[in-house]
Amino acid sequence: MTWLTIPVLNTLQQLFLKLGADAASSAASSGWFGSLLASPWFTAAVVAEIVCFIVWMTVLSELDLSLAFPLSATSYVFVMLVAWIVFGERLELKNLVGSLVILCGIWCLMTASRSTTSNDYSSTETSRR
């Protein structure tokens, strides 16, 4: 379940970046970048990224890369939902269908990984007998 921390942290990072960008856009155009760097939202986004990196290293030590990386795609779904809830962004049918496809793909990868691991174990046990 450690892998679930990755999309949550990625979602928080995107939320913080959006809030920081919105706050900085109200500053004078010449001071936009400085305003962004001084924003507590930007600092929170950097902290979320650092924590995410540390957790990602842990996840990679526990899971195969071919499984861990696709699992991080749940970030797309989380970010879309947060944008809808927090910023009132529109959710269209295409968004929902795309999210469902992503989640179904992740489910396929997870279940295929389990059955492959189980089959590999069974084959090894059978060949030892």
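Is Met80 buried or exposed? Met80 is buried, because its relative accessible area is 15%, and buried means under 20%, with exposed over 50% and partly exposed in between (1.4 Å probe, protein chains only). Before going further, keep in mind that this is a predicted model, where local features need pLDDT of at least 70 and side-chain atom pairs count only at pLDDT 80 or more, while totals for chains, interfaces and linings use all residues. Residues are numbered from 1 along each chain as its sequence is written, and side-chain values use heavy atoms, leaving out hydrogens and water.

Let's stay with Met80 for a moment. Its home is helix α5; helices here are DSSP runs (H or I, at least four residues), numbered from the N terminus. Setting aside neighbours within four places in sequence, Met80 is in contact with Leu91, Asn95 and Ser99, where contact means heavy atoms within 4.5 Å. Asn95 sits 15 residues from Met80 along the chain, and the two C-alpha atoms are separated by 8.0 Å.

Now over to helix α1, which has two partners to look at. Two packed helices are described by the angle between their axes and the distance between the axes. Take α1 (residues 5-25) and α3 (residues 40-62): they pack at an angle of about 165°, and their axes are 8 Å apart. The axes are lines fitted to C-alpha atoms, for helices over the stretch in contact, with angles running from 0 to 180 degrees between N-to-C directions. That makes α1 roughly antiparallel to α3, a label for angles over 145 degrees (under 35 is roughly parallel, 65 to 115 roughly perpendicular, and the rest oblique). On the α1 side, the residues that meet α3 include Leu9, Gln13 and Phe16, and their counterparts in α3 include Ala45, Ala48 and Trp56. By class, this contact has 15 nonpolar, four polar and one charged residues. Nonpolar covers Ala, Val, Leu, Ile, Met, Phe, Trp, Tyr, Cys and Pro; charged covers Asp, Glu, Lys and Arg; the others, Gly among them, are polar.

Gln13 gives a close-up of that meeting. This α1 residue counts as buried because its relative accessibility is 14%. Leaving out neighbours within four places in sequence, Gln13 is in contact with Ala45, Ala48 and Glu49.

The second partner is α5 (residues 74-87), whose axis comes within 9 Å of that of α1 and crosses at roughly 40°. The two helices are therefore oblique to each other. Among the α1 residues that meet α5 are Val8, Thr11 and Leu15, with Phe78, Val79 and Val82 among those on the α5 side. This contact has ten nonpolar, five polar and two charged residues. Thr11, also in α1, is buried because its relative accessibility is 6%. Not counting residues up to four places away in sequence, Thr11 touches Ser75, Phe78, Val79 and Val82.

That leaves the nonpolar core, a set of buried Ala, Val, Leu, Ile, Met, Phe, Trp, Tyr and Cys residues joined through side-chain atoms within 4.5 Å. The largest one has 13 residues, and those with the most contacts inside it are Ile6, Val55, Trp56, Val59, Leu71, Ile106 and Met110. At least two residues come from each of α1, α3, α4 (65-71) and α6 (93-128), and α3 gives the most, with four. As for Ile106, it is in contact with Pro70, Leu71, Ala73 and Thr74, once neighbours within four places in sequence are left aside.
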